[in-house]
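Here's a walk through one chain, from a single residue out to the whole fold and back to some ring pairs. Have the viewer open while you read.

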Amino acid sequence: MDTFPNEFRDQLLNLMAWRRDVRRFRTDPVDEAVLMRCLDTFRLAPSVGLSEPWRIIRVQSEAARASALENYKVANAQALAGYDGDQAASYSQLKLSGMVEAPEHLAIFCDDRTAQGHGLGAATMPETRRYSVVGAVTLMWLAARSEGLGMGWVSILDPDQLCRDLNVPTGWSLVAYMCVGWPEEQSDTPELERAGWEHRHNLIIETR
Ligand SMILES: Cc1cc2nc3c(=O)[nH]c(=O)nc-3n(C[C@H](O)[C@H](O)[C@H](O)COP(=O)(O)O)c2cc1C
């Protein structure tokens with residue numbers, strides 16, 4: 001495939017524009033085949049040295065979901081305590097996770113000690129393994145959106161606690177905790193922008 005038609009490029013941009021971080025989910029289940037199609041995009045993602053360092057845990061048991069939710073509640077209360085006045089009031093109104101409603105939870109880790117890739121590209125920048133995981137998550141985010149599914153990234157968590165609760169192998173670090181499900185609404189504007197918390201700024205490109 002040398003080039004993609006203009007109409008495809010327009011649609012791809014549309015997909016990117018309408019990808020959202022979703023925190024408001026319907027509770028109905030996600031079809032297994034749809035979820036697997038989305039997860040399969042990890043295999044298409046770039047990774048440093050072709051190390052494919054992503055490790056994915058589907059958080060399904062009631063106990064594991066409950067511990068993740070409790071983790072979020074504690075971390076969110078601590079985060080709220082870091083704000084004062086109007087900003088604290090505004091923060092407390094934000095919905096910052098859809099963990100209760102989302103039918104699927106994915107805890108996505110980086111295996112910082114993987115031998116795959118033989119260390120190529122990661123000797124001076126081992127963090128590139130984690131960057132690789134982020135890139136893969138982004139591909140899945142777009143694939144999910146193309147299916148009409150929503151994903152929401154939850155980082156208001158104590159990662160060490162989450163690793164302990166999920167009993168992950170030594171050397172795995174948490175990169176993303178993703179809620180997945182059918183969104184209650186669609187928008188081309190980030191929820192934080194709609195809530196008046198922050199807005200997108202102009203792109204700055206410097207030439208030196
Ligand atoms: C690394 C990362 C961590 C994030 N953590 C959270 C989070 O804990 N809670 C939340 O509500 N949104 C979280 N978000 C979503 C961002 O707030 C969101 O991406 C941003 O506001 C832009 O909105 P959009 O993704 O809909 O374009 C996170 C996003 C990224 C990329």
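Is glutamate 191 buried or exposed? Keep in mind that this is a predicted model. Glutamate 191 comes out buried, because its relative accessible area is 11% and the cut-off for buried is under 20%. You'll find this residue in helix 7. Leaving aside residues up to four places away in sequence, glutamate 191 touches Arg23, Arg24, Lys95 and Glu185.

**The whole chain**

Zooming out, the chain holds 7 helices and 4 strands. Read from the N terminus, the order is α-α-β-α-α-β-α-β-α-β-α. How does the radius of gyration of the chain fit a compact globule, and why? A compact globule of 208 residues would come in near 17 Å, and the chain has 18 Å, so the two agree. If you want a box for the C-alpha atoms, roughly 50 × 45 × 45 Å along the principal axes will do.

As for packing, 40% of the 208 residues count as buried. Take the contacts with a separation of 6 or more: 82% of them are between residues 24 or more positions apart. The chain exposes about 12,400 Å² of area, with 53% of that supplied by carbon and sulfur atoms. On the charge side, there are 21 positive and 29 negative side chains, and the centres of these two sets sit 2 Å apart.

**Aspartate 111**

Another acidic residue to click on is aspartate 111, which belongs to strand 2 (residues 104–111). Aspartate 111 is buried too, since its relative accessible area is 12% against the cut-off of under 20%. Which residues does aspartate 111 touch, not counting those up to four places away in sequence? They are Pro53, Arg55, Arg129, Gly171 and Trp172. Threonine 3, by contrast, is 35 Å from aspartate 111, C-alpha to C-alpha, with their positions 108 residues apart in sequence.

**Aromatic pairs**

Now for the rings. The count of aromatic pairs comes to 7. One of them is tyrosine 83 with tryptophan 197: the ring centres are 5.5 Å apart and the planes meet at 90°, so this pair is edge-to-face. The two partners come from distant parts of the chain, 114 residues apart. Tyrosine 83 is in the loop between helix 3 (62–81) and helix 4 (85–93), while tryptophan 197 is in the segment after helix 7 (191–194). Tyr83 and Trp197 also join Tyr91 in one aromatic cluster.

Another pair is tryptophan 141 with tryptophan 153, where the centres are 5.9 Å apart and the planes are at 45°, so the pair counts as tilted. Tryptophan 141 is in helix 5 (residues 128–146) and tryptophan 153 is in strand 3 (residues 150–154), so this pair ties together parts 12 residues apart in sequence.

How covered are these four residues? The table lists them.

| Residue | Relative accessibility | Class |
|---|---|---|
| Tyrosine 83 | 28% | partly exposed |
| Tryptophan 197 | 23% | partly exposed |
| Tryptophan 141 | 10% | buried |
| Tryptophan 153 | 22% | partly exposed |

In the tilted pair, then, tryptophan 141 is buried at 10%, whereas tryptophan 153 is partly exposed at 22%. In the edge-to-face pair, tyrosine 83 is partly exposed, and tryptophan 197 is partly exposed as well.

Terms used: Residues numbered from 1 in each chain as written. Predicted model: local features only at pLDDT ≥ 70, side-chain atom pairs only at ≥ 80, totals over all residues. Heavy atoms only, no water. Helix = DSSP H or I, 4+ residues; strand = E, 2+ residues; numbered from the N terminus. Rg over C-alpha atoms; globule rule 2.2 N^0.38 Å. Buried < 20%, exposed > 50% of the residue type's maximum accessible area, 1.4 Å probe, protein only. Contact = heavy atoms within 4.5 Å. Areas by Shrake-Rupley, 256 points an atom, 1.4 Å probe, with all protein chains shown as cover. Lys, Arg positive; Asp, Glu negative; His and termini not counted. Charge placed at Lys NZ, Arg CZ, Asp CG, Glu CD. Phe/Tyr/Trp six-rings, centres within 6.5 Å; stacked < 30°, edge-to-face > 60°.
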